[in-house]
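Subject: Handing over a structure, with notes

Dear colleague,

I am passing on to you the structure below, together with some notes for a reader who has not met it before. Please look it over first and then read on.

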There are 2 protein chains.
Amino acid sequence: MHTFQEISKIFEEKFGKRHFPLEPKNLYDGAQYLLTLGGKRIRPLLCVMGNELVNDLNPDVWQVAAAIELFHNFTLVHDDIMDHAPLRRGVPTVHKKFGESTALLSGDVMLVAAYESLRSIDREYLPRVLKLFNTAAMQVCEGQQLDMDFESMPRVTMDQYVEMITLKTSVLLATSLQLGAVLGGAGIANQEHLYEFGKNLGIAFQVQDDYLDAFGDPEKFGKQVGGDILANKKTFLQIHVMESEAGARLEALNRAADVKGTEKVQAVLALYRECQVDQWAKALKDRYMATSMQHLDDIAVLSSRKKPLEELAHFLLDRQS
Amino acid sequence: MHTFQEISKIFEEKFGKRHFPLEPKNLYDGAQYLLTLGGKRIRPLLCVMGNELVNDLNPDVWQVAAAIELFHNFTLVHDDIMDHAPLRRGVPTVHKKFGESTALLSGDVMLVAAYESLRSIDREYLPRVLKLFNTAAMQVCEGQQLDMDFESMPRVTMDQYVEMITLKTSVLLATSLQLGAVLGGAGIANQEHLYEFGKNLGIAFQVQDDYLDAFGDPEKFGKQVGGDILANKKTFLQIHVMESEAGARLEALNRAADVKGTEKVQAVLALYRECQVDQWAKALKDRYMATSMQHLDDIAVLSSRKKPLEELAHFLLDRQS
């Protein structure tokens with residue numbers, strides 16, 4: 001078995017090449033651009049770890065891991081166009097650098113390249129892998145659509161928000177793990193537990209993300225605290241307060257939406273503290289984390305094989321920034 | 001064997017259903033919208049005919065034909081965003097009706113749905129089908145990029161234009177035929193001749209399209225004659241005149257680019273007639289058509305099996321509108 005540092009290193013060696021021809025230059029430089037900027041490569045890592053949880057590495061796992069990373073980057077390129085985002089990984093987004101039309105098309109070829117990476121795996125697994133991959137791909141698009149729909153909705157319920165987060169981010173983490181397990185020859189029950197492990201881990205991670213945006217230590221957080229509050233974004237915290245409070249506090253929260261700048265962040269944070277939403281969020285994250293760990297526990301393999309995934313989960317969920 | 005009317009009818013029965021879930025409504029209504037509006041369904045027809053050229057129908061051919069039509073419609077949705085096109089098939093484009101972000105995402109799910117349609121075919125053929133499909137998909141994107149790049153280039157050579165047209169439209173026609181032949185169990189030589197038949201037919205069709213835009217009978221053409229001239233578009237005619245003329249005529253053509261409206265169309269058409277570019281274009285179309293037919297001839301199957309494709313080619317290339 002490999003440590004996750006070892007897996008990351010092997011993946012980087014294989015993936016860190018040019019994935020596209022040289023011409024047409026605009027199109028393929030646009031597609032290559034984001035890939036070259038790196039990123040944490042969490043999803044391909046999960047895929048390889050999902051394989052090693054149940055078996056020795058299947059040589060095809062690197063193709064599937066690459067497809068997942070290509071797909072993830074495709075979603076970033078298109079999401080950034082939709083969100084009019086100027087920056088990604090600290091530099092201009094693809095559409096800022098290459099123009100919207102080329103970015104759109106560059107995203108498209110990244111998606112095709114993802115399928116081309118899957119194409120060469122053993123045909124014994126290919127239909128099953130495609131099925132899971134396509135399902136996740138559709139769901140990620142659904143999640144992005146819901147996220148956009150939510151912007152213009154005055155109220156979003158907690159169930160709706162959890163569904164959106166699950167679709168937009170968790171299912172790809174879950175599917176990455178499951179695809180690895182499929183290549184390792186895992187049975188259906190083990191695949192499903194592993195999927196649920198990833199899905200709940202993803203939700204826990206989003207709870208943490210929303211928490212840190214409000215309560216993170218500015219020194220460690222590395223970006224502006226209160227960004228979600230400033231942008232009036234729906235978050236676990238915002239929705240919880242809207243759903244659980246009434247009267248004066250709810251009115252104060254609604255009023256704060258119209259305030260601008262630091263004053264608004266201060267007002268909302270004060271309210272959040274009054275409602276003890278920080279403690280609620282910590283407890284919620286722990287619940288998702290516990291569910292996640294229970295599913296890992298329920299996978300029928302030697303517990304020593306689960307160690308790397310346990311460590312990765314704690315590494316991801318113990319961060320302060 | 002089936003006539004092309006029969007094939008069209010069967011395809012329409014299978015394809016004319018909702019391809020997507022009901023929710024999220026914006027996303028999937030956007031994706032379904034263009035499919036419901038119809039279109040000529042030439043590409044899936046070619047796929048099925050490619051199969052029947054060499055063998056009885058493989059039941060999987062309908063899945064592959066559907067994938068091709070989904071892919072083609074995906075490209076229309078994204079191209080219309082890039083081209084800021086207001087109308088498609090006589091009604092508002094997807095982005096005009098649903099907004100650009102939803103249209104972008106709707107296109108994405110159409111592409112994923114294309115792969116999902118391929119996924120369930122016999123795994124014996126799946127890798128080969130994916131390989132051909134992915135290659136064509138990449139090339140279509142390359143063609144669209146070149147088309148956009150050409151807009152800002154003062155001069156485009158005939159070779160560059162033919163390459164762009166080949167990538168943007170011909171390779172998908174060619175690949176549709178080839179994929180059908182693969183499912184019919186054709187040998188490589190027959191596959192290649194069929195591909196070249198489709199590729200040259202596609203170029204001949206584009207020559208005709210460019211010709212009709214300038215010289216079509218307004219009664220039969222059904223849209224404004226001279227649209228390409230008004231938009232200063234690169235066409236077979238425009239590039240030929242730019243490459244073959246010099247002196248006064250070339251100057252006159254360059255001057256005409258700055259004129260507006262009907263006057264410009266009249267001026268350019270007069271020049272085109274002086275240069276006899278109409279006859280040149282007819283001869284060029286005939287040459288591509290002849291090459292196309294030669295490849296059909298070279299396919300090693302009974303000539304009676306080629307009849308439907310011959311008829312379709314003449315049907316497509318004898319139109320006046």
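The notes that follow take up the pairing of the chains, then one helix, and then some local backbone features.

Please keep in mind that this is a predicted model, in which local features need pLDDT of at least 70 and side-chain atom pairs count only at pLDDT 80 or more, while totals for chains, interfaces and linings use all residues. Residues are numbered from 1 along each chain as its sequence is written, and chains are lettered from A and ligands numbered from 1 in the order in which they are written.

To begin with the pairing, chain B is superposed on chain A by a rotation of 180° with 0.0 Å of shift along its axis, at an RMSD of 0.0 Å, where the fit is by least squares on the C-alpha atoms of residues with pLDDT of at least 70 in both copies. The two copies are thus related as by a two-fold rotation axis, and in chain B the C-alpha nearest that axis belongs to B:Arg123, at 3.1 Å from it.

Where the chains meet, 32 residues of chain B are in contact with 32 residues of chain A, contact meaning that the C-beta atoms of two residues, placed from the backbone, lie within 7 Å. On the side of chain B that touches chain A, at least two residues each come from helix 2 (25–36), helix 4 (61–82), helix 6 (100–119) and helix 7 (126–151), and helix 7 gives the most, with 14 residues. Helices here are DSSP runs of H or I with at least four residues, numbered from the N terminus. By class, this side of chain B has 18 nonpolar, seven polar and seven charged residues, with Ala, Val, Leu, Ile, Met, Phe, Trp, Tyr, Cys and Pro taken as nonpolar, Asp, Glu, Lys and Arg as charged, and the others, Gly among them, as polar. Because 100% of the interface residues of chain B are also interface residues in chain A, the copies meet through the same surface.

Helix 4 of chain B has 22 residues and reaches 32 Å from its first C-alpha to its last, close to the 32 Å expected at 1.5 Å a residue, a span reckoned as 1.5 Å times one less than the number of residues. This helix is mostly covered, since 20 of its 22 residues are buried; a residue is buried if 20 or more other C-beta atoms, placed from the backbone, lie within 10 Å of its own, exposed if 12 or fewer, and partly exposed in between. Just after helix 4 of chain B, B:His84 takes a positive phi of about 50°.

Most residues other than glycine have a negative phi, and most peptide bonds are trans. B:Asn232, in the loop between helix 11 (227–230) and helix 12 (236–244) of chain B, has a positive phi of about 55° although it is not a glycine, and B:Asn232 is partly exposed, with 13 other C-beta atoms within 10 Å. B:Gln276, in the loop between helix 14 (261–274) and helix 15 (277–297) of chain B, also has a positive phi of about 55° without being a glycine, and B:Gln276 is exposed, with 9 other C-beta atoms within 10 Å.

The peptide bond from A:Glu23 to A:Pro24 is cis, with omega near -5°, and A:Pro24 sits in the loop between helix 1 (4–15) and helix 2 (25–36) of chain A.

With best wishes
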